[in-house]
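Ready for some practice with interfaces and sheets? Keep the viewer open and try each task before reading its solution.

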Amino acid sequence: MFNYILKRFLFLIPILIGLSLLIFIFLYLIPGDVARMIAGPSASKEVVDSITNEMGLNRPLPVQYFEFLTNFLTGDFGHSYQSGKAIIDEIPIVFKRTLQLTIIVQIISFIIGGIMGIISAVWRKSIWDRLIMAISVSGLSLPLFWSALVIQLLFSIYLGWLPPSGYRSGFDLYIILPTLTLVLPNSGMLARVTRSAVIDVMNNDYIRTAKSKGLSNFWVITKHIVRNALIPMITMTGTNLSRMMGGVIMIEIIFTWPGMGKYVYDALLAKDFPALQTATMLIASLVIVINLFVDLTYGLIDPRIRYHN
Amino acid sequence: MNLKTIVKFIKKEPLAFIALLIVLSYIIIALFAPIIATHDPLRVKTSMNVDGEKIYAPYPPSKMHLFGTDQLGRDLFSRIVFGVRVSLFVGIVARGLSMLLGVFLGLITGFSGGIIDNIIMRITDVFMSIPAILLAMIVTLIFSPSLTSVILAIVVVGWPDVARLVRSQVLSIKNNEYVEAVEALGAKKIRIILKHILPNCMGIIIVSFSMGIPGAVMYEAGLSFFGLGIQPPSPSLGSIISNGRGYMMFAPWYSILPGIVLALFVLSVNILGDTVIDYFDPSYK
Amino acid sequence: MRRYSILILLLLVFSLVFSSVVVAEGNYGGEFTGFSSTDPKSLDPAALGSWDQAVMAANVLEGLARLSPSGQSIEPGIAKSWEVSDDGLVWTFDLREDAYFHNDENITAEDVKYSFERVINPETRSPQAWLFNKVVGYSEMRNGEAAEVSGIRVADDYTLEIELVEPLTPFVSMLASPGAAVVSKTAVEEYGDQFGQNVVSAGPFKLTNWEQNLELEMSAFEDYWAGRPYLDTLKFRFIHDENTRIIELLSGNIDWAWVTPAHHQGLTNNSVYKDSIYRVNTLHVAYFIVNMNEGPFGNNLKLRQAISYALNRESVIDSLQGRANRAIGIFPPGFMGHDQKATAYEYNPEKAKELLAEAGYPDGLPETYTVISLPWANLIKILEIYQQNLRDVGINIELKPVQQGEYMSMIGEGNFDLAYGYRVADYADPDSFVYPLLHSDSIDGGGNVAFYSNDKIDNLIEEGRLETDEQERKNIYEEINNMVQEELPYISTTHNIWVDVMNPDVRNWQPSAMDIHMFHRVWLAE
C-alpha cells in the first residue's frame, strides 16, 4: 500500500513537467505578436523589434521553455501584459474568489444531492424516485451557459430579486445566481451517485440480516447507510471539483465573477501569456492533486481498486 | 426483434421510447435541414413596413416566422434547424475521431503494458488535468476558430477518457485464458489485438461513442457561445443563444428556444443511454 | 420714506433674482456611478492607448487646453490664453497662476515641459509621443541625441514657448487630448511604476480609490482652477457586458449606460427614462480598410467601387434603429470637410455586378477573402449584413474577429487583405482624420493602415495644416474627402451616433462627440 502511494506521488513530477511542456507548447502556438501588442498600434517597426529583443522572444524555444519552467518553480511568475502587475500578487486574490464560489457550490450540492439521492433510493421506483431522477438528469443535460442566462432572466430581469452579475466580497446577493447555476448539474450527479450507493448498501446482506433480526431501528439503519454511501459521495464531490473547473470558468465569465476562471479567460483572449501560463499551470496542477487524493481515498476504501492497479 | 418485443419495450420504459423518438427526429432534422427550414437562414431583413410604420428586427414569433427572427431579420426556426445539423455533424464526427484516437491508444497501451503504458497514461493525466473548455478554447485559438478547429478541439479534449476506458477493458480481457493461449501459440501481437481483443471491446466502444456525442455537442455549443467556435454567418445553436443575450428582456425566445432545442437532444440521449446501460451493463456506471 | 421702500423693493427683487441664479446653477454634492467596459489598468497620460482609458482619464487629467463637453471645440485649460507668432512657428502659452496639481503643488511652465518631455522620451515608450512630432528637437530626443527637447522653452514661471518645425494649425487641438496632460514630477518620482494607478494631474476630479477589475473612484478636486465640479464622487464600474449595464441602470445600481440596439426601443418608450436619453453625432467613421499593397483589392479600383455599391448601408442603419449616419467619404456631419456632394455609392447591387465584370470578374471573385475585425458582438452583426450583401453580388468573404492585440498586430504588419476598422477623432480638427489615415508619413505605425500613398493627398494634407483661413481649409478638406471617395483606400460605411441613457436625476449632461465624456459640469437634482 505504501509503495502504491509513494509511486503515485513520485509520478507527480513527470506529470507536472509534462503539463508545463504541453501548456508552453500550446500557448506558443497561439498566433499573435506579443511585442506588437505591447508596443501598441502606433509604434513603428523598430520599437516592436526592440521589444522583441528585450523580452527574448526570438530565442530558441527550448531556452524559453527552460526559463519558463525555472521561473515557475521558483515562484517568479512574471508580470501580466494586461495590468503590468506581478502575477504572483494577482493570483491569490482571484483564486480566493473562485474558492469561495466552489466551496459553497460543493457544500450545497452535497446536501441537496445527498438528500435527493437518499429519498430516491429509499422510495425506489416510486413517483418521487422518478421525479428526482428526472430532475437530476435534466440538471446535467442543460448547457451551463444557457441555464445561466435563463436563471439570470428569471431572477434578475423578470423578478428583480437578485443582481444579474458582478461581485462583492463576503456573502452577498451576488453569489446566489452563480451558485444556483452550478448547483444544478453538481447536485444532479451527486443525487445519482448517492442513489446507487444507497441502493447497494440497502441490498447488502448485513442490512437485511439486521432488519430481520428486528433491529429495525430507523437510526441504526440510516447511520449505516449514510456511512457507506458517504464514501462514493465524497469521491464524486472530488471528481466534481476537478471536472467543474470548466463550468466554473463559464459561470465566472457570464456572471462577471472575477475569479480564477475569468482571469484565465481574459488572459487567453488578451494573449497575456505569462498570466495564462501561470493560471493554467496552477489550475491543472490543482486538478491533478485533487484527483490524486480522490484516487488514494478510493483506493484506501475499496480494496478491489487497490490491487487491480 | 419483432413487434411484440418493441411494444413490450415501450410499455416498460415509456420515457426511453420517447427519448428514442426525439433523437431520431433530430437526426432527420439534421439530414433534411434544407427541406425542413422555412427560410434561407442567411437572408437578412433588418426592417419591415407594416401598415405604413417601420418596424425593426427582431420580429416576434408569427405565422411567417415560427420562432421569430434574430436582430438581422433572419428566421430563427431555419437557423435553429441548420444549427441542429451543425451540432449533430460536429458531435458525431468529433466523437468518432476521438474514438479512433482513443481506441488506438487504449489498445496499444493496454496491451503493451510497461513503460509505454506508463507514458501514455501519464499523458492522459496531463491532458485531463486542464479544464476541458479551457483546453478547447486554446486549441481553437491556435488554429483560428472554425468548424475544423472546433472538431479538432473536441478530439483533443475527448480522447483521454476513451483511451482509459479501452485500456481498462483490454486489461481485463488480456488475462483471459483464451488470449493467453493464443499468445502462447505464437500469434502476432497485432493479430491478437485486432482479432481477439478489439471485438470484445466493441460493446463498450459503441456505448462510449454514443454517450460521448452529447458532450461533444455541448462543447461545440459552448465554444460557439463564447465566439471561439463556428464563425458567422453559419448558425450554431451556441452562437444563436449568445446573440440573443442582449434581447433577453424583450425577445427572450431568441436565446431560450435554441437552448431548449439543445437541451432536449442532450437529455434524450442521456435518458436513452441510461436505459440501455441499465439493461446491458450496469457496471459501466 | 418712499425712497426707502423703493430701496427695499429693489433689494427684494435683487435677492430673488440672485437666489434663482444660484439655484439654477446646480446642486453640489452627490455620487455618480458610470461605467467602463474594462479596467483601464493605467491612467498615466503617457500610457493611454484605448478609448476606455480616455473616457475616465479625461476627468482626472488636464493639459494646457481642454475639450468642451460636446467635444466639438477646445477651451482654455491650464493655459488661460495662447497665441502664435506670425510665421506660425512659435506658440506662446500664458499659464494660469492658480492652477494646482491634485497634491496641491502649483503648476508652472517647468511642469508642462517635464510632462511633455516625459511622453516624448523613448524610454517611456508612450504611444502618445506622436502628438509632439512637429516640435523642434523631437527627433533628437527620440534618437537619444538629446536629453531634452529644445523646442519646448520655459520663458518664465507661467509662460511656455513651443517652437515647431513647420506651422501646424491644429496644434492646440492636439494639446487638448488626454495624452498631453500635465503630471506632477514629484508624484511620478514617488510612485514610479505605480504612477498609472496613482495618477496626479490637474483635472476636475482626483483619483481616490481603485479596486482592480471592479471599479475606480474619483472625488471632486476642491482647488480645480475653474471651481470644483458639482459631483462629490465620480465612480466608474467595470462592466464588460453591455446588457448587464442596462440591467444595473434599471436596478438603480449605476447612473449611466450606453443604449444597446436591443434596448433602444424599450428605453425610448419607457416613461421613466425616455427623457433622459441623449444622442450625439460622434466624430467617427467606420470603414473597410483595403491593404493597398495587396491584390486584388489594392490595385483594382473598379473592384473597390463594386464593393462600395454592393454594401447596403441603410440596412445596417436600420439594424441600429437609425442610430448611425450614412458615410459619404470619411468626414462625419459636424466635421469640416463633410461634403454631401461627394460620390455617394448608393446601394446598387446591379451596378456592383457591372463594375465587378469590368474589373475582370464577370462571375464574381473566385476566392474567398478574409475580413478581420475587432470581436464586438454588435460589430459582427453589422459585418454579417455586409457579408450577405457582398455574397449577393458574387464576392465571398469570411469574417475573422480577432482580439484587440492581435488585430493591432495584423494591421500593423499589413497582414490582411481587408479589415474593418473605425476612427474617432483624437483632436477636434479634421486633420486628426486625414493625417494619420492618409498621409504617407503615417504608414509605419502612424495610423495609415491602408498603406495608402498619394502625393497629391500628401500635399493637400500639408496645406491643411499650414492654412489658417477657415474657408480655405474647408475647401482643402472637402477636396481630400472627395478624393478618398474616388480612390477608396477606405471604403467608408457609417458614422456612429452615440446614444446613452442617464439616471433621470442627472442634469446638464452632454455626451461628447469625441467619445471623451466629461462629468465636471454634471449635477444631480435632489
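The exercises below work through a predicted model, going from two chain contacts to a sheet.

**Exercise 1. The contact of chain A and chain B**

Work out how many residues each chain brings to this contact, and which three residues of chain A supply the most buried area.

Solution.
- Step 1: Start with the residues in contact, which are 39 from chain A and 38 from chain B.
- Step 2: Turn to the area, where about 3,600 Å² is buried between chain A and chain B, with 82% given by carbon and sulfur atoms. Phe26(A), Phe145(A) and Trp146(A) supply 17% of what chain A buries against chain B, more than any other three residues.
- Step 3: Look for charged pairs. The rule finds one salt bridge across this interface. The side chains of Arg192(A) and Asp274(B) meet in a salt bridge, at 2.9 Å from N to O.
- Step 4: Place the contact on the helices. On the side of chain A that touches chain B, helices 1, 6, 7, 10, 11 and 12 of chain A each supply at least two residues. Helix 1 of chain A gives the largest share, nine residues.
- Step 5: Sort that side of chain A by class, and you get 33 nonpolar, five polar and one charged residues.

**Exercise 2. The contact of chain B and chain C**

Find how many salt bridges the rule gives across this interface, and describe its area.

Solution.
- Step 1: Here 22 residues of chain B touch 24 residues of chain C.
- Step 2: The two chains bury about 2,000 Å² between them, and carbon and sulfur atoms account for 55% of it.
- Step 3: Three salt bridges are found across the interface of chain B and chain C. Arg43(B) pairs in a salt bridge with Asp392(C), their closest N and O atoms being 3.5 Å apart.
- Step 4: Six residue pairs are in polar contact between chain B and chain C (both at pLDDT 80 or more). The side of chain B that touches chain C has 11 nonpolar, seven polar and four charged residues.

**Exercise 3. A sheet in chain C**

Trace the strand order of the open sheet of four strands in chain C, and explain why one side of strand 1 and of strand 8 has no neighbour in the sheet.

Solution.
- Step 1: The order is 1-10-9-8, with mixed pairing.
- Step 2: Strand 1 (31-36) and strand 8 (205-211) of chain C are at the edges with a single partner strand each, so one side of each lacks a neighbour in the sheet.
- Step 3: From one strand to the next, the twist averages 20 degrees.
- Step 4: Strand 9 (residues 215-220) and strand 10 (residues 233-238) of chain C run antiparallel, joined by five bridges. Glu217(C) has Lys235(C) as its bridge partner in strand 10 of chain C.
- Step 5: Finally, helix 2 (residues 51-60) of chain C packs on the sheet, touching strands 1, 8, 9 and 10 of chain C. Its direction makes about 165 degrees with that of strand 10 of chain C.

Key. Residues are numbered from 1 along each chain as its sequence is written. Chains are lettered from A and ligands numbered from 1 in the order in which they are written. This is a predicted model: local features need pLDDT of at least 70, side-chain atom pairs count only at pLDDT 80 or more; totals for chains, interfaces and linings use all residues. Side-chain values use heavy atoms; hydrogens and water are left out. Two strands pair if DSSP finds at least two bridges between them. Axes are lines fitted to C-alpha atoms, for helices over the stretch in contact, and angles run from 0 to 180 degrees between N-to-C directions. Contact means heavy atoms within 4.5 Å. Buried area is the accessible area (1.4 Å probe) that two parts lose on being put together, summed over both. A salt bridge is a side-chain nitrogen of Lys or Arg within 4 Å of a carboxyl oxygen of Asp or Glu. Ala, Val, Leu, Ile, Met, Phe, Trp, Tyr, Cys and Pro count as nonpolar, Asp, Glu, Lys and Arg as charged, and the others, Gly among them, as polar. A polar contact is a pair of N or O atoms within 3.5 Å; within protein, one must be able to donate a hydrogen and the other to accept it, and residues adjacent in sequence count only if both atoms are side-chain atoms.
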